[in-house]
Amino acid sequence: MPRFSSKVLAALAVALCVVLSLPVRSHGTQTNLKLILAISIDQMRFDYLTRFDPLFKGGFRRLLDRGAVFTAARYRHANTETGPGHAVILSGRHASHSGIVANDWYDSLLKKRVNVVDDPLHSPVGGEGRGASPINFIGFTLSDKLKVRSPRSRVVGVSLKDRSAILMTGRLADAAYWYETAGGRFITSTYYMRTPPSWLEEWNGRHFVDQFAGKKWERLNSDVSLYEKYAGPDAEEGEWDRHDTVFPHRIRSSPPDSAFYDDFRRTPFADEMTLEVALKAMQAHELGQDEFADLLAIGFSATDVIGHTYGPHSQEILDQLLRLDGVLERLFLEIDKRVGLENTWIVLSADHGAASLVEIARKHGLDARRLHPRQIKEAVDLALTRSFPGVTGIISYYDAPHFYLDETVLERKKLKRSKVESVIREALMKTGWVEVVYTHAQMVDGSAADQPYFSRFRNSFFESRSPHIIVCLKPYLYLDARVGGTGHGTPHDYDSHVPIIFFGSLIKAGRYDQPCGPEDIAPTLATLLGLDYPMESDSRVLEEMLK
């Protein structure tokens, strides 16, 4: 029997999905399109565009003034995490179809946690790290359909995060490159190539990150009053470790310690590095240099790490956005030089937003609080012990705040699953911290469709990967073991409201206030490309901006 590579099998799978897909109406167009540039800014809330609008002078300014800006774009799924968000941006597919339910999930057969892009069949190329691939993504992306129609079109992804570079570009991508903290290098995997390209080896040989040893992250603008006006005080209670909360910030440790390479991600310099690698990859893969339209996906991830650390109302996040404004403008100028912006379509979005620091939310009179994950777990454990004395192992895995049940224990102990679920739900609701609880059965049969956020949780549900007990915490409750910082991952508005901006020929600039979501990006681009593309039942083509 012949052996096929993973890329060949992926091509066959994608081709089959394309054949079986239900088409949407498409409009053939004549353009000089050479490049599609897809930009994801990790953890970028929509309100960053409005709050900091007067300060933007570079890439954001260009997009806001000359692009189609969608002001009411919200994810239609509940699990607002990096993996699910990036899986949607260029596929338009909910986790209920793609299987990307979270950044990690528990595999009941393997009895372990599985990372969204982990692939044990492949190895890292170019340095230490994960042998990552899109193996866990089911279906296809816009770029996959582009490659099926035009095999000579090239698709490349670059990001600080592997799941960003990989999930945006799909199964048929020519390459994906990402940063690894094990050695401060950009790598790829054997899914894409067997040996590192010479340009990547040369770039890694420069040890880009090492030059920042001992350097400080200072404010870009020396006018401190500007930061106080648009962001507030420099140090707020609840930031990071509650110690390193004041400018300037020094990168912790020193090379070659992996802690140094990890902490580097907590600075705007990480996006400058991503830009440099993306431009090198663009040149090496000759993107936009012939009549076949190519796709470059770039994930700028520093906003996420900085946002987790200092919160969305910090001077640090303001400085990060000001610096990213310059990074984007340098990217656009370089693309104009190499390809021509008149030959380029740009779409910018984000994988999710973020909650305010609990302490900031309280200042605004909101009922916010920090919860340790064990507080949820202890409440459930106590209830199970009281209801089923002597029975252990009912919970196979706690993925805070969700629960996986050990179905073999239930069967062996002859426990009725609905009774176990009822006990857990009651315990959770009694805490006063939980908005709603859903079970596997409710997700499958739709019996709780009238409950809050049900459709969003249903869009995030994939039966073999999702938890058995799905928990939605009340707004402004932050569940984490750390003493400071903030996060995301809920269906609440602060996590789901993100920017969507299109820029290019055939696109009418302006503000568009109609409800939409990142799920609409792929079918809209497909319409511009004249590709038939399947849509989710709750998504649409953004026709209002099309010329």
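Two strands pair if DSSP finds at least two bridges between them. Helices (H or I, at least four residues) and strands (E, at least two) are DSSP runs, numbered from the N terminus. The model is a predicted one, where local features need pLDDT of at least 70, side-chain atom pairs count only at pLDDT 80 or more, and totals for chains, interfaces and linings use all residues. Residues are numbered from 1 along each chain as its sequence is written, and side-chain values use heavy atoms, with hydrogens and water left out.

**Exercise 1. The sheet**

Task: Work out which strands stand at the edges of the open sheet, and how E5 pairs with E8.

Solution:
- Start with the order: 10 strands make an open sheet, running E5-E8-E7-E6-E11-E1-E12-E19-E2-E20, with mixed pairing.
- Now look at the two ends. Strand E5 (124-125) and strand E20 (510-512) are the edges; each has a single partner strand, so one side of each is left without a neighbour in the sheet.
- Next, take E5 and strand E8 (residues 185-189): they pair in the antiparallel sense over two bridges.
- To find one bridge yourself, go to Pro 124, whose partner in E8 is Ser 189.
- Then add the helix: H11 packs on the sheet and touches strand E1 (35-41), strand E6 (155-159), strand E7 (175-180), E8 and E11. Contact here means heavy atoms within 4.5 Å.
- Last, check the direction of H11, which makes about 165 degrees with that of E11. Axes are lines fitted to C-alpha atoms, for helices over the stretch in contact, and angles run from 0 to 180 degrees between N-to-C directions.

As background, strands of a sheet pair through backbone hydrogen bonds, either parallel or antiparallel.

**Exercise 2. A hairpin**

Task: Describe how E14 and E15 are joined, and say which way the residues of E15 point.

Solution:
- Strand E14 (residues 395-399) and E15 run antiparallel, with four bridges joining them.
- Two residues lie between E14 and E15, and the two strands form a hairpin.
- Across the hairpin, Tyr 398 stands opposite Phe 403 in E15.
- Along strand E15 (residues 402-405), His 402 and Tyr 404 point one way, while Phe 403 and Leu 405 point the other way.
- All four of these residues in E15 are buried. Buried means under 20% relative accessible area, exposed over 50%, and partly exposed in between (1.4 Å probe, protein chains only).

**Exercise 3. Two helix pairs**

Task: Decide how H4 lies against H7, and how H12 lies against H13.

Solution:
- Keep the cut-offs handy: angles under 35 degrees count as roughly parallel, over 145 as roughly antiparallel, 65 to 115 as roughly perpendicular and the rest as oblique.
- For helix H4 (residues 82-89) and helix H7 (residues 162-169), the axes come within 7 Å and cross at roughly 30 degrees. H4 and H7 are therefore roughly parallel.
- H4 passes H7 in a right-handed crossing. A crossing is left-handed if the near helix is turned anticlockwise from the far one by less than a right angle, and right-handed if clockwise.
- On the H4 side, Thr 82, Gly 83, His 86, Ala 87 and Ile 89 meet Arg 163, Ser 164, Leu 167 and Met 168 in H7.
- Sorted by class, the contact of H4 with H7 has four nonpolar, four polar and one charged residues. Ala, Val, Leu, Ile, Met, Phe, Trp, Tyr, Cys and Pro count as nonpolar, Asp, Glu, Lys and Arg as charged, and the others, Gly among them, as polar.
- Now for helix H12 (residues 302-310) and helix H13 (residues 315-338): their axes come within 9 Å and cross at roughly 170 degrees. That makes H12 roughly antiparallel to H13.
- H12 passes H13 in a left-handed crossing.
- Residues of H12 in this contact include Ile 306 and Tyr 310, and those of H13 include Leu 321 and Leu 324.

**Exercise 4. Loop oddities**

Task: Find the cis peptide bond that leads to Pro 248, and check whether Trp 240 is buried or exposed.

Solution:
- The bond from Phe 247 to Pro 248 is cis, with omega near -5 degrees.
- Pro 248 sits in the loop between helix H9 (224-230) and strand E10 (249-250).
- Trp 240 also lies in the loop between H9 and E10.
- Although Trp 240 is not a glycine, its phi is positive, about 35 degrees.
- At 17% relative accessibility, Trp 240 counts as buried.
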